[in-house]
Amino acid sequence: MKNLITMFLILVMHILYSQSKIYAFVGKKISVERVKSDDSFNLKYRNVYKVEQAFDEEIETDTLVFNSYTHMNQIRYSVYDYAIIYLVKNEKGEFIHRRTYYTPIILKKNGKWYGFDSSVDNNDDYEIIHYEHLDIRKNLAIGKTVFQEKIKKKWLINAFYPEKFFTRIGKNKVKIKYLKTAEKLFKSK
């Protein structure tokens, strides 16, 4: 009987916490800085982002300030200048980013934002992007702070600009091969 009650409580907690409403937006990074955490298990970051495109009506402001919590190093989305950030609200009604869920946004073309999801196995529903090159020198410098171990630049490029979406064309440049619109990326999450 105790096991049944325990399983029931676990199931209820899972349902309650997995049903949190997700708020998403395409944002331009203004600042990401580590701040003092409330506990010793998680690192806490204060994020300031300019809202470029909101996918939810509750994100009404043009600048959004929220905290991120992670038990890893610095949050990986800080490498990118733009990203789709997925938030939830805490008990106080404040936007927070509990897990490092994000989608890199790389390009704005013809009024649309484009990015990629490195977790997908194929790029069948991605658009071919012609003649677009990125200078990633600044992004790689930030990437070195995310992975503080001594790692090679080639590994960093592949970690943040995967070969299935980009071609390396120089020491600090990549050519875009495939991207997907932010709307399609958001709907696929």
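Here is a short walk around helix α2 and its surroundings in this predicted model.

Let's start with α2 itself, which covers residues 137–146. Its buried residues are N139, L140, G143 and V146. Look down the axis of α2 and these fall within an arc of 100°, so they line one face of the helix. That fits the usual geometry: an α-helix has 3.6 residues a turn, so residues three or four places apart point the same way. Flip to the face turned away from the buried side and you'll find the exposed residues R137, K138 and K144.

So much for the helix alone; what do the buried residues of α2 pack against? They have two partners, β9 (133–135) and α3 (153–160).

Take α3 next. Two packed helices are described by the angle between their axes and the distance between the axes. For α2 and α3, the angle is about 95° and the axes lie 10 Å apart. Since angles from 65 to 115 degrees count as roughly perpendicular, that is the label for this pair. On the α2 side, L140, G143, K144 and V146 make the contact, and on the α3 side they meet K153, L156, I157 and F160. Sorted by class, that contact has five nonpolar, one polar and two charged residues.

Now step out to Y161. Setting aside neighbours within four places in sequence, Y161 touches Y80, I106, L134, I136, N139, F166 and V174. N139 is one of the buried residues of α2. Y161 also belongs to the largest nonpolar core, a set of 48 residues in which I106, Y161 and F166 have the most contacts.

Note on methods. Residues numbered from 1 in each chain as written. Predicted model: local features only at pLDDT ≥ 70, side-chain atom pairs only at ≥ 80, totals over all residues. Heavy atoms only, no water. Buried < 20%, exposed > 50% of the residue type's maximum accessible area, 1.4 Å probe, protein only. Helix = DSSP H or I, 4+ residues; strand = E, 2+ residues; numbered from the N terminus. Arc of directions from axis to C-beta. Contact = heavy atoms within 4.5 Å. Core = buried A, V, L, I, M, F, W, Y, C linked by side-chain atoms within 4.5 Å. Axes fitted to C-alpha atoms, helices over the stretch in contact; angles between N-to-C directions. Parallel < 35°, antiparallel > 145°, perpendicular 65-115°, else oblique. Nonpolar A, V, L, I, M, F, W, Y, C, P; charged D, E, K, R; others polar.
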